[in-house]
Every structure is written in C-alpha cells, then in structure tokens.
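Biologist: Before we discuss charged residues, I should like each label to be justified against its criterion. Could you show the structure and begin with the criterion itself?

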Amino acid sequence: MSLNETEIQRRTKIARDAIRAAYGTEEDEYGATLFVSYHLEEVESSYWKERYQTDSPEPFQILDSLVLKSDFEDEEDLDSFDFTLPGNATNYLICVTFDENGEVEDISTES
C-alpha cells in the first residue's frame, strides 16, 4: 500500500467520524444535517426502501452508507473528500475539507 493510499484511508476515516460527530449540531447547519434532511424529503421512498428496508431511514443509517466520490490524482487532491449517496441517487455531496495539518477544516453540502 502506497503512502498516498494509507493517507486516503486515514483521512476517509477522519472525515466519516467528523461527519457523524457534526450531524445535528448547530455548527453543522449546512453540512451533513442539511444533506440528510434534504434527501429524506426529496428522494423517492423506493430508493430508501431498496437500500434500508424502510421508507424513512434513520439519519445515521444514511451517513454510514455514504460512498467516497473523490478522485485522488495527486497529493494535493487530499485536501477535499466528497461523499454522496450510493447508487448515483443525487448530485449533492458532503464535502469535508482538510487544512495543511490534515485536520478537518469544514464540512459542507455542495452540488
């Protein structure tokens, strides 16, 4: 495993943990909380039923099933990790950005 792959795995875990920790907090108004609430309202219930066996999954079920969508061409690409719903259900992303020290700087929802 290359250094880049190891760092991608490390930052992916940090990003996922940060998304979970931020969900529902006041500081996360435009991050994971917005992403989940928007998609629970807008995505067809059949999508949820197929993937989660319920028409209305719990927010953490959704957050835990996010897929990494980022493409890492080089070391500089490791500053932003983008996650989305599985199965190309949306054009929206939860974007986790890292500072120069590899710490989470921001979590936001983008399209």
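Modeller: A salt bridge requires a side-chain nitrogen of Lys or Arg within 4 Å of a carboxyl oxygen of Asp or Glu. Please note that this is a predicted model.

Biologist: What makes E7 and R10 a salt bridge?

Modeller: The closest N and O atoms of E7 and R10 are 2.8 Å apart. The cut-off is 4 Å, so the pair qualifies. E7 and R10 lie three residues apart in helix α1, which means that about one helical turn separates them.

Biologist: Why is E7 called buried, and R10 partly exposed?

Modeller: E7 has a relative accessibility of 17%; buried means under 20%, so E7 is counted as buried. R10 has a relative accessible area of 38%. Partly exposed covers the range between 20% and 50%, and R10 therefore belongs there.

Biologist: How do you know that E7 also forms a salt bridge with R11?

Modeller: The N to O distance between the side chains of E7 and R11 is 2.7 Å, and the limit is 4 Å, so this pair is a salt bridge as well. Both residues belong to helix α1, four residues apart, about one turn of the helix. E7 and R11 are both buried.

Biologist: What makes R51 and E50 a salt bridge, and how accessible are the two residues?

Modeller: Their closest N and O atoms are 3.3 Å apart, and because the criterion is 4 Å, the label applies. R51 has a relative accessible area of 30% and is therefore partly exposed. E50 reaches 57%, and since exposed means over 50%, E50 is exposed. Elsewhere, salt bridges with shared partners join E7, R10 and R11 into one network. The search of the whole structure finds five salt bridges.

Biologist: Why is D28 said to have no salt bridge?

Modeller: The nearest side chain of opposite charge, R20, is 12 Å away. A salt bridge needs 4 Å, so D28 has none, although D28 is buried. D28 lies in the loop between α1 (3-22) and α2 (32-42).

Biologist: What polar atom and which residues surround D28 instead?

Modeller: A polar atom of the D28 side chain lies 3.1 Å from the backbone nitrogen of A32. Leaving aside neighbours within four places in sequence, D28 is in contact with A22, Y23, T33, L34 and I107.

Biologist: How do you know that D82 has no salt bridge?

Modeller: K69 is the nearest side chain of opposite charge to D82, and K69 is 8.8 Å away. That value exceeds the 4 Å limit, so no salt bridge is assigned to the buried D82. The side chains of D82 and S80 are joined by a polar contact of 3.5 Å.

Biologist: Where is D82, and what makes the strands around that residue count as paired?

Modeller: D82 is found in strand β2, which spans residues 80-84 and has four of its five residues buried. Pairing requires at least two bridges; β1 (residues 67-68) and β2 have two, so they pair, and they run antiparallel. In that pairing V67 stands opposite T84. β2 and β3 (residues 93-98) are joined by four bridges, also in the antiparallel sense, and therefore pair too. D82 stands opposite C95 in β3. Beyond four places in sequence, the contacts of D82 include V67, K69 and C95.

Notes:
Residues numbered from 1 in each chain as written. Predicted model: local features only at pLDDT ≥ 70, side-chain atom pairs only at ≥ 80, totals over all residues. Heavy atoms only, no water. Buried < 20%, exposed > 50% of the residue type's maximum accessible area, 1.4 Å probe, protein only. Lys, Arg positive; Asp, Glu negative; His and termini not counted. Polar contact = N/O pair within 3.5 Å; in protein donor to acceptor, adjacent residues only side chain to side chain. Contact = heavy atoms within 4.5 Å.
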